[in-house]
There are 4 protein chains.
Amino acid sequence: MPRHRFPNTRERIEKAAIRLFVERGVAETTVRDIARAVDISEGALYRHFVSKDELVWRVFEREYVHFTERLESLARPEVTARGKLAAMIRGFCLAHDEDPWLFRFLLFVQHGQLTRLAPGSPTPVDAVRDVIAGGIASKEIPEQHPDLAAALVFGIVLQPVTFAAYGRLSSAVTSMCDRLIAASWAAVTTV
Amino acid sequence: MPRHRFPNTRERIEKAAIRLFVERGVAETTVRDIARAVDISEGALYRHFVSKDELVWRVFEREYVHFTERLESLARPEVTARGKLAAMIRGFCLAHDEDPWLFRFLLFVQHGQLTRLAPGSPTPVDAVRDVIAGGIASKEIPEQHPDLAAALVFGIVLQPVTFAAYGRLSSAVTSMCDRLIAASWAAVTTV
Amino acid sequence: MPRHRFPNTRERIEKAAIRLFVERGVAETTVRDIARAVDISEGALYRHFVSKDELVWRVFEREYVHFTERLESLARPEVTARGKLAAMIRGFCLAHDEDPWLFRFLLFVQHGQLTRLAPGSPTPVDAVRDVIAGGIASKEIPEQHPDLAAALVFGIVLQPVTFAAYGRLSSAVTSMCDRLIAASWAAVTTV
Amino acid sequence: MPRHRFPNTRERIEKAAIRLFVERGVAETTVRDIARAVDISEGALYRHFVSKDELVWRVFEREYVHFTERLESLARPEVTARGKLAAMIRGFCLAHDEDPWLFRFLLFVQHGQLTRLAPGSPTPVDAVRDVIAGGIASKEIPEQHPDLAAALVFGIVLQPVTFAAYGRLSSAVTSMCDRLIAASWAAVTTV
DNA sequence: GATGAATGAGGTTTCATTCAT
DNA sequence: TATGAATGAAACCTCATTCAT
């Protein structure tokens, strides 16, 4: 019955979908669930998205690329590897606290979207790995497998978010940010 | 004349299901997929499991509890917090390399099974957190939020497995075990 | 300031619709397809037609009746059955070459419209059959079932159009007209 | 409720579907219609056919190829072009009277299936055209465009079936067979 | 015990039509 | 008056589960 109530239907669909995808999983979220959350008919969704699959992919890709670029531009001005790493970790924390649903959608739900990225597309993992590789090259970081080091940093940063999702930790990740930076640096420099 | 071609049908179902759940996700795996993988009819599956849901849950619970106990019994003989933590991390790595599909099923797929555990059931997270809390109490580990510390250890141990799943790291996690122990200890003791 | 960019929107809709109906079928052509082909909005279509169904029917009826009358008036001045038949076949060929889409829409697509014609409405089939019946009465054509004879003529005239649609024959049907007349006469007079 | 009542579900589906496709058109026939006609559930259909589209295509291709071969093998033993043509036309009539629904499905409904045939697959049209081309080569038939001649024969044979479908002619096409043969020969030899 | 056709609820998608703007 | 987002019924299809054989 209500028509044209909100001009930004598309955005509202994306927001609702992301949240549902995180809460229940992509497969477990029906198009009807999304439509209900936005209070439009199921059919109306299809004026904004070609298919459920395309909705997932479009949002994922756009935001994933955007997030990667954001990380990269945070690291760029920094000079030392430590500075770059710290800036990126801060970027993770801020991104999470700004929009926890989106953050978790991008980094946990994924749902096989990762494999659909154009081969060679830069990812947050690459961004972190490259900074570490640079630090190794400049002797700031001891010699080691850069991918393993990147895994350590990723784990240190993401796992608290998972714990937060289960209520084991506060969901204000930014408040732990300095600790995560310190822990990451310790993990990376301890061989 | 053997009634069953394979006497251990039930085990074979579980093994195949776990693998499919990890590869595609639980919702994306159909009962038909599982039946085909085991080369029995769909109907025959229901002689071994009440429902798909029950299959997921039964396997999850049994193995999750088992894994938790294993971790606990590895830690028990150790005296120091560091020794306990190292033993547990070694336990993670061994468990992964013994049966990577099961490991990933328990620790990544989950699919909301975690929330179905009887409240108060011990989990690997609890096991790690308790050891850390003990270390803090005995002053071996500096004062800090034990859940956050547990998150750091979990992240450090699990993220390399994720990277391995994407081909970024070798899937022989045991070979990285000492490094993971060192990194965990560094992360936990650096405040 | 012109209210409409094109004053003949209605005609343009009909033309585009007919072509789409022939190319894809009536059911397979969506209102959106038609709107896009005419470059107007879907809603605007409904200012010109009550419904898709009505669009099909209105165009069909008007043109079918018109085509029938045209055939009849071509035959009327002729005296002999052979002359009448030749004039009508020439009418078919001309009608096709003037507007092949319309011709095929009327004679092939039909889509059950035929059964909606008012009972007793004259059709091209009737026109041909009547001429043949007249020829039989006047002994110009040997005694036979006039409907079967009409079927022969119809088949001889329409099948080349079908072949043309599949690229098996040139779509300039008029160039084959004399041949079709001769063949029809031969078929009708050979018992 | 009823299960396994008839062993030949697949055949029954095909028969019912073909009839519905002819009566209403392919697009206008829903999967539900077919299921109801066979008295099974919609879902059950999908154990026998991958999709509605595949059902249409599978039946069409199998029967179309079969019908073409049948025509060819009827013509083969005959020596003269006239004999071959007569045999084929008799083949058309018999095929129609044996199973009018299938005949009309193959030769009228088509629904764009024709374009999906492997390029170069022999069709009834080719069979007739080849016989005519042979007759022209052997001087039995006067010089002319063999495709046009084939169109004449096709029209003469198929149009009575169309008339029969509309009740204008008896649906016992075999009874008109000799007439159709004579008319075809007259049409083809009259240049 | 095993089989796999059948069920039926529910999911995704399409599309003729309406109507607020 | 034209637009196109929205509706809602209905289409196609999937899949966990049942059950006659």
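# Chatting through a predicted model

Trainee: Which charged pair could we open with in chain C, say around C:Asp130?

Mentor: Start with C:Asp130 and C:Arg129, whose side chains form a salt bridge with 3.4 Å from N to O. Keep in mind that this is a predicted model.

Trainee: Are those two buried or exposed, or something in between?

Mentor: They fall into separate classes. C:Asp130 is partly exposed, at 45% relative accessible area, while C:Arg129 has 19% relative accessibility and counts as buried. The cut-off for buried is under 20%, so C:Arg129 falls within that class.

Trainee: How many salt bridges are there over all chains?

Mentor: The structure has 58 of them, counted over all chains.

Trainee: What does C:Glu23 pair with?

Mentor: Its partner is C:Arg19, and the closest N and O atoms of that salt bridge are 3.2 Å apart. Both residues sit in helix H1 (residues 9-24) of chain C, four residues apart, so about one helical turn separates them. C:Glu23 is partly exposed at 44% relative accessible area, and C:Arg19 is partly exposed too, at 39%.

Trainee: And in chain B, what does B:Arg19 meet?

Mentor: B:Arg19 meets B:Glu23 in a salt bridge, at 3.1 Å from N to O. These two are four residues apart in helix H1 (residues 9-24) of chain B, which means a separation of about one helical turn. B:Arg19 counts as partly exposed with 40% relative accessibility, and B:Glu23 is also partly exposed, with 44%.

Trainee: Switching topic: what is chain A built from, helices or strands?

Mentor: Chain A has nine helices and zero strands. Following the sequence, the pattern reads α-α-α-α-α-α-α-α-α. The C-alpha trace of chain A spans about 65 × 35 × 25 Å along its principal axes.

Trainee: How much of chain A is buried?

Mentor: Of the 191 residues in chain A, 51% are buried. As for contacts within chain A, take those between residues at least 6 apart in sequence: 70% of them join residues at least 24 apart.

Trainee: Where does A:Thr123 sit?

Mentor: A:Thr123 lies in the loop between helix H6 (100-109) and helix H7 (124-137) of chain A. With 7% relative accessibility, A:Thr123 counts as buried.

Trainee: What does A:Thr123 touch, leaving out residues up to four places away in sequence?

Mentor: A:Thr123 touches A:Tyr64, A:Thr68, A:Leu117 and B:Arg168. The last of these belongs to chain B. B:Arg168 also takes part in a network of salt bridges with A:Asp126, A:Arg129, A:Asp130 and A:Asp147.

Trainee: OK, let's do the contact between chains A and B. How much area do they bury?

Mentor: Chain B and chain A bury about 2,800 Å² between them, and 66% of that is on carbon and sulfur atoms. In chain B, the residues that lose the most area to chain A are B:Leu148, B:Arg168 and B:Arg179, together 24% of what that side buries. The contact takes 36 residues from chain B and 36 residues from chain A.

Trainee: How many salt bridges and polar contacts are there between chain B and chain A?

Mentor: There are two salt bridges between chain B and chain A. A:Arg168 and B:Asp126 meet in a salt bridge, at 3.3 Å from N to O. The count of residue pairs in polar contact is eight, with both residues at pLDDT 80 or more.

Trainee: Which helix of chain B gives the most to the side that touches chain A?

Mentor: Helix H7 (124-137), helix H8 (146-165) and helix H9 (177-189) of chain B each supply at least two residues of that side. H8(B) gives the most, with twelve residues. By class, this side of chain B has 22 nonpolar, eight polar and six charged residues.

Trainee: What turn lays chain B on chain A?

Mentor: A turn of 180 degrees, with a shift of 0.1 Å along the axis, lays chain B on chain A with an RMSD of 0.1 Å. That is the relation of a two-fold axis. In chain B, the C-alpha nearest the axis belongs to B:Gly155, 1.8 Å from it. The same surface serves both copies, since 100% of the contact residues of chain B recur in chain A.

Trainee: Last one: how far apart are the closest C-alpha atoms of chain B and chain C?

Mentor: They lie 32 Å apart, and no contact joins chain B and chain C. No contact joins chain A and chain D either, with their closest C-alpha atoms 19 Å apart.

How values were computed. Residues are numbered from 1 along each chain as its sequence is written. Chains are lettered from A and ligands numbered from 1 in the order in which they are written. Side-chain values use heavy atoms; hydrogens and water are left out. A salt bridge is a side-chain nitrogen of Lys or Arg within 4 Å of a carboxyl oxygen of Asp or Glu. Buried means under 20% relative accessible area, exposed over 50%, partly exposed in between (1.4 Å probe, protein chains only). Contact means heavy atoms within 4.5 Å. Buried area is the accessible area (1.4 Å probe) that two parts lose on being put together, summed over both. A polar contact is a pair of N or O atoms within 3.5 Å; within protein, one must be able to donate a hydrogen and the other to accept it, and residues adjacent in sequence count only if both atoms are side-chain atoms. Ala, Val, Leu, Ile, Met, Phe, Trp, Tyr, Cys and Pro count as nonpolar, Asp, Glu, Lys and Arg as charged, and the others, Gly among them, as polar. Copies are superposed by least squares on the C-alpha atoms of residues with pLDDT of at least 70 in both.
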